[in-house]
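Okay, thanks everyone, let's get going. I'll put the structure up and then walk you through it piece by piece.

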Amino acid sequence: MMELKHVTKKYKKSLALIDFSYHFENGNAYGILGVNGAGKSTLMNCIIQNVSFDGELNYTDLSIWDIGYVPQELAIYPELSVMDNMLFFASVYKVDKGEARERSVALIEKAGLKEKISTKASKLSGGMKRKLNLITGLVHDPKLLICDEVCVGIDPISRKEILEYLKELKNGGLNIIYTSHYLDEVEYLCDRIVFLDKGKLVLEGATKKLIGEMSDAENKEADLSDVFVKVLRKDGE
Ligand SMILES: Nc1ncnc2c1ncn2[C@@H]1O[C@H](COP(=O)(O)OP(=O)(O)OP(=O)(O)O)[C@@H](O)[C@H]1O
């Protein structure tokens, strides 16, 4: 799908990503994990070329138009209705008008927002805004969906529905790069995990394998949060 080689992103006062090299392969959901400030959003911003960086980024069988990006900060238009937000994002991606309408209605229904289809985004609840934010990233039927903390503020039932939907899309061939501090989400959805620490890739591996190794080592039923703590907790913490 794409390869990053020696990618480094320097902001004025910080090195957010340091010499990051990784080959993202088709058919996977990748979880990007790290503590606050580890460089997760920066990595995503490099992948969608939202920021300048040093190093190489090569998409192999996709283009920037095949990527859907759902940012951590809401990126919807408050004065536009739910439907018009969808149609706006579809037009950005040059989706045919008829197709855009059809896909938008289907996604709005899937997100449980059918009754709000004509409501201005500003009048939605926080969780509904999040759902709209997510489905705008899917309106052009991307090959890769990048999700940065998409379930923050969403109630547990809707969160479960969203994750099940993402899993369904993944099983249907959508590649996903996902970051969240809710490790149960990442464990459920992601086949592989990339751990970042202070901008550096410190470990990557298959989710099940990492958890299995941890279970053996600790002689208990471990989960992804055990792996996270083991990999990223510093001595003395
Ligand atoms: N636009 C920016 N200008 C300056 N520094 C930035 C900018 N964006 C991020 N940084 C810095 O880069 C580092 C990595 O930030 P980033 O947002 O990528 O981390 P993160 O892992 O996504 O964190 P979080 O889990 O809190 O969202 C931090 O030190 C942050 O302060």
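Let me start with a strand pair: S8, residues 192-197, runs antiparallel to S9, and the two are joined over six bridges. If you want one spot to find on screen, take valine 194, whose bridge partner in S9 is glutamate 204. Keep in mind that this is a predicted model.

Now zoom out to the sheet around that pair. Six strands make up an open sheet with mixed pairing, and reading across, the order is S5-S6-S7-S3-S8-S9. Which strands stand at the edges? Those are S5, at 67-70, and S9, at 200-206; each has a single partner strand, so one side of each has no neighbour in the sheet. From one strand to the next, the twist averages 15°.

There's a helix to look at here too. H8, residues 224-232, lies across S3 (29-33), S8 and S9, and its direction is at about 35° to S8.

Okay, domains. The domain assignment splits the protein into domain 1, which is 1-62 plus 143-237, and domain 2, which is 73-142. Their centres, taken over C-alpha atoms, are 25 Å apart. Where they touch, domain 1 puts in 11 residues and domain 2 puts in 10. On the domain 1 side, the elements giving two or more residues are strand S6 (144-148) and helix H5 (156-171). H5 has the largest share of that side, with three residues. As for the chemistry, the domain 1 side comes out as seven nonpolar residues, two polar and two charged.

The UniProt record, an unreviewed entry, cuts things another way: it lists "domain: ABC transporter" for residues 2-223. That span is 36% helix and 26% strand, and its end C-alpha atoms lie 29 Å apart.

Last stop, the ligand. What surrounds the ligand? Going along the chain, we have Tyr11, Ser14 and Ala16, then Gly34, and then the run Asn36, Gly37, Ala38, Gly39, Lys40, Ser41 and Thr42. Helix H1, residues 40-47, gives the most to this shell, with three residues. And is the shell mostly polar or nonpolar? Seven of its residues are polar, three are nonpolar and one is charged.

That's what I have, so over to you for questions.

Terms used. Residues numbered from 1 in each chain as written. Predicted model: local features only at pLDDT ≥ 70, side-chain atom pairs only at ≥ 80, totals over all residues. UniProt positions renumbered as here; feature names shortened; annotations may be inferred. Helix = DSSP H or I, 4+ residues; strand = E, 2+ residues; numbered from the N terminus. Domains from an automatic or database assignment. Contact = placed C-beta atoms within 7 Å. Nonpolar A, V, L, I, M, F, W, Y, C, P; charged D, E, K, R; others polar. Pairing = 2+ DSSP bridges. Axes fitted to C-alpha atoms, helices over the stretch in contact; angles between N-to-C directions. Near = placed C-beta within 6 Å.
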